[in-house]
Amino acid sequence: TKLVGVLTAGGDTPGLNAALRGLGKAAIEEYGMQIIGFYEGYRGLMQNRTIRLDGSNLSGILTRGGTILGTSRDKPNNMPMGGQFLDMTDTMVENYKRHHLDVLVCIGGGGTHKSAAKLMKKGINVVTIPKTIDNDLYGTDHSIGFDTALGIATDAVDRLHSTAHSHHRIIVVEIMGHNTGWLALGSGIAGGADVILIPEIPYETSSVAEAILGRSRGGKRFSIVAVSEGAMNRKDAEEMKLAEEELAAAKKTANREKAEAHLLELRQAQASSTIRLASELEQLTGLESRVTILGYVQRGGTPSAYDRLLATRLGTAAADLINREQYGVMVASRGEGIEPVLLESIVGRRKTVPIDHPWVISARKIGTNLGD
Ligand code: F6P
């Protein structure tokens, strides 16, 4: 009998429970394996906090948001421990061995995959399942959670139309996505935003203002601006890039602290850039502006049908791989199928929106302003 460990790590997404259920049911019912869950991602693996997963707790969770195991962003080699950050990888490997596990399944995004690869280097078997609302995981076309978040953000953009229209306002809506624009671009197009700003295309505020004024001249006295949380105007983007290069160059020199402080300052300023943008647009257009930050509502609640299906397929595919003892891979969704992809080939890479992506091209063709 194979013994399987599983954890969910990183930001939660709708569909994690569906993945646990798909994996667990296939492992137990199809292959006669046993499965235990670790609580709160890598933290639970370090603390050896476990729960046996079986027919009773894997049942009734398909539609539930979040994760029954809980999650954390803690990293094995950098665990917050009483005010310090320590490398606890060896303790995690010991706990893996204590349970005589054959494999650890890590369900997560980019950070989780990096950590899984580190544990793998210490000699344990891993299989990973991709999830992120940001859709930025390299090597897979789809990740669990993106479709649900896309639906929620689209619904928000839809709803903002009637209020913006009634008050003749600009509404700037900030959408998650970390440093990529998939969620803002997808929901902006699907929700009919007039302007969509994403990190991959630095914007000029004047171009956005001009687009809004053009709409006003055409009799449309409201506008919806969908802005990705990572989007930057051209000047800030250039400054940020320079600061990052400076820090990379200063890595082992006396200038490191100064470079770090400078980058931190820019990142902090960036956190309020959506509010700044709205007030600049108000000044430039003379139209009243409001900001809506969607925030965590995008990660909450029940998964869409697509995410339930994807999670079930990825979970069962992970069980198939374990049965074949094919380890060191992520179960990737590619086209219509699911394929194993070597962990080494994806770790440290990020899937950003290509500036000639079909979504970008379509948005431009319907006259959406992308800020450039
Ligand atoms: O990766 C998912 C995500 O929701 C991003 O869109 C966002 O930038 C980040 O997590 C927020 O992180 P946290 O959950 O740690 O606040």
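I call a residue buried if 20 or more other C-beta atoms lie within 10 Å of its own, exposed if 12 or fewer, and partly exposed in between. I'm working from a predicted model here.

**Ligand shell.** I looked up what sits around the ligand. I found G11, R73, G109, T132, I133 and D134, and then M176, G177, H178, E229 and R299 as well. Sorting that shell by class, I get five polar, four charged and two nonpolar residues.

**Annotated site.** Next I checked the UniProt record. Its unreviewed entry has a "binding site" annotation on G11, R73 and D74. These residues span 64 residues in sequence, but no two of their C-alpha atoms are more than 10.7 Å apart, so I see them gathering at one spot. G11 and R73 also turn up in my list of residues surrounding the ligand.

**R73.** I traced R73 to the loop between β3 (50–53) and β4 (79–81). Is R73 buried or exposed? I counted 16 other C-beta atoms within 10 Å, so R73 is partly exposed. Setting aside neighbours within four places in sequence, I have R73 in contact with G10 and G111.

**D74.** I placed D74 in the loop between β3 and β4 too. How many C-beta neighbours does D74 have inside 10 Å? I get 22, so D74 counts as buried. Which residues is D74 in contact with, leaving aside its neighbours within four places in sequence? I noted G41, Y42 and R43, plus M79 and P80.

**Recap.** For the annotated pair in this loop, I have R73 down as partly exposed and D74 as buried.

Note on methods. Residues are numbered from 1 along each chain as its sequence is written. This is a predicted model: local features need pLDDT of at least 70, side-chain atom pairs count only at pLDDT 80 or more; totals for chains, interfaces and linings use all residues. A residue is near a molecule or strand if its C-beta atom, placed from the backbone, lies within 6 Å of it. Ala, Val, Leu, Ile, Met, Phe, Trp, Tyr, Cys and Pro count as nonpolar, Asp, Glu, Lys and Arg as charged, and the others, Gly among them, as polar. UniProt positions are given in the numbering used here, feature names are shortened, and annotations may be inferred rather than shown by experiment. Helices (H or I, at least four residues) and strands (E, at least two) are DSSP runs, numbered from the N terminus. Two residues are in contact if their C-beta atoms, placed from the backbone, lie within 7 Å.
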